[in-house]
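Trainee: Got a minute to go through this one with me? I'd like to start with the strands and then look at the odd backbone spots.

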Amino acid sequence: MRILLLAFMVLNLVVGCVAHHPGPELIDNGVRFTLSAPLAKNVAIAGSFNNWNPRRDLLSGPDHHGVWSITLPIPSGRYEYLFVINDEKWLLDPFAPSTGDGMEGENSVLIVEDAE
């Protein structure tokens, strides 16, 4: 338990406080992803929706609260993704469900459903 708590504390120092992160939001023009990472130099998102390309979708930011964001037009379906911090640290979305990636790791999960 101490190791998990220590790991979470270190993660918060690197990535920032994530208490107000809402997770992915479905909005009119796509899906909005946000991540609190005030100390990051750059943040990207890579997932099955962009062929896991960590350079294709860079988040804007940070804003004055240290939050990075991007809105992507993602069609309905099930997707897996991770945030990429400073071109090297692959990170789960702490406010999205996750699933095993088949290689002893985990990915965040996004399900986009058609509006009815």
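Trainee: Strand β6, residues 77–85: how many of its residues are buried?

Mentor: This is a predicted model, so keep that in mind. In β6, 7 of the 9 residues are buried, so the strand is mostly covered.

Trainee: Which way does strand β3 run against β6, and over how many bridges?

Mentor: Antiparallel. Strand β3, residues 43–47, is joined to β6 by 5 bridges. For a reference pair, take Ile-45, whose bridge partner in β6 is Phe-83.

Trainee: And how many bridges link β6 to strand β9?

Mentor: There are 5 bridges between β6 and β9, again in the antiparallel sense. Strand β9 covers residues 106–112. Tyr-79 has Leu-110 in β9 as its bridge partner.

Trainee: What about β7, how does that strand pair with β6?

Mentor: Antiparallel, over 3 bridges. Strand β7 is residues 89–91. Ile-85 is bridged to Lys-89 in β7.

Trainee: How many residues sit between β6 and β7 in the hairpin?

Mentor: The hairpin has 3 residues between the two strands. Asn-86 is in that turn, with a positive phi of about 50°.

Trainee: Hang on, what is notable about that phi?

Mentor: Asn-86 is not a glycine, yet its phi is positive. Most residues other than glycine have a negative phi.

Trainee: Is Asn-86 buried, exposed or partly exposed?

Mentor: Partly exposed. Its relative accessible area is 29%, and partly exposed runs from 20% to 50%, so Asn-86 falls in that class.

Trainee: Where else is there a positive phi outside glycine?

Mentor: Glu-104 is one, with phi near 70°. Glu-104 lies in the loop between β8, residues 98–100, and β9.

Trainee: Buried or exposed, that Glu-104?

Mentor: Exposed. The relative accessible area of Glu-104 is 87%, and the cut-off for exposed is over 50%, so the label follows.

Trainee: Changing topic to peptide bonds. Which one is cis?

Mentor: The bond from Gly-61 to Pro-62 is cis, with omega near 0°. Most peptide bonds are trans.

Trainee: Where does Pro-62 sit?

Mentor: Pro-62 is in the loop between β4 and β5. Strand β4 is residues 57–58, and β5 is 67–72.

Trainee: Let me recap. β6 pairs with β3, with β9 and with β7.

Mentor: Right. Then add the backbone list: a cis bond at Gly-61 to Pro-62, and positive phi values at Asn-86 and Glu-104.

Notes:
Residues numbered from 1 in each chain as written. Predicted model: local features only at pLDDT ≥ 70, side-chain atom pairs only at ≥ 80, totals over all residues. Heavy atoms only, no water. Buried < 20%, exposed > 50% of the residue type's maximum accessible area, 1.4 Å probe, protein only. Helix = DSSP H or I, 4+ residues; strand = E, 2+ residues; numbered from the N terminus. Pairing = 2+ DSSP bridges.
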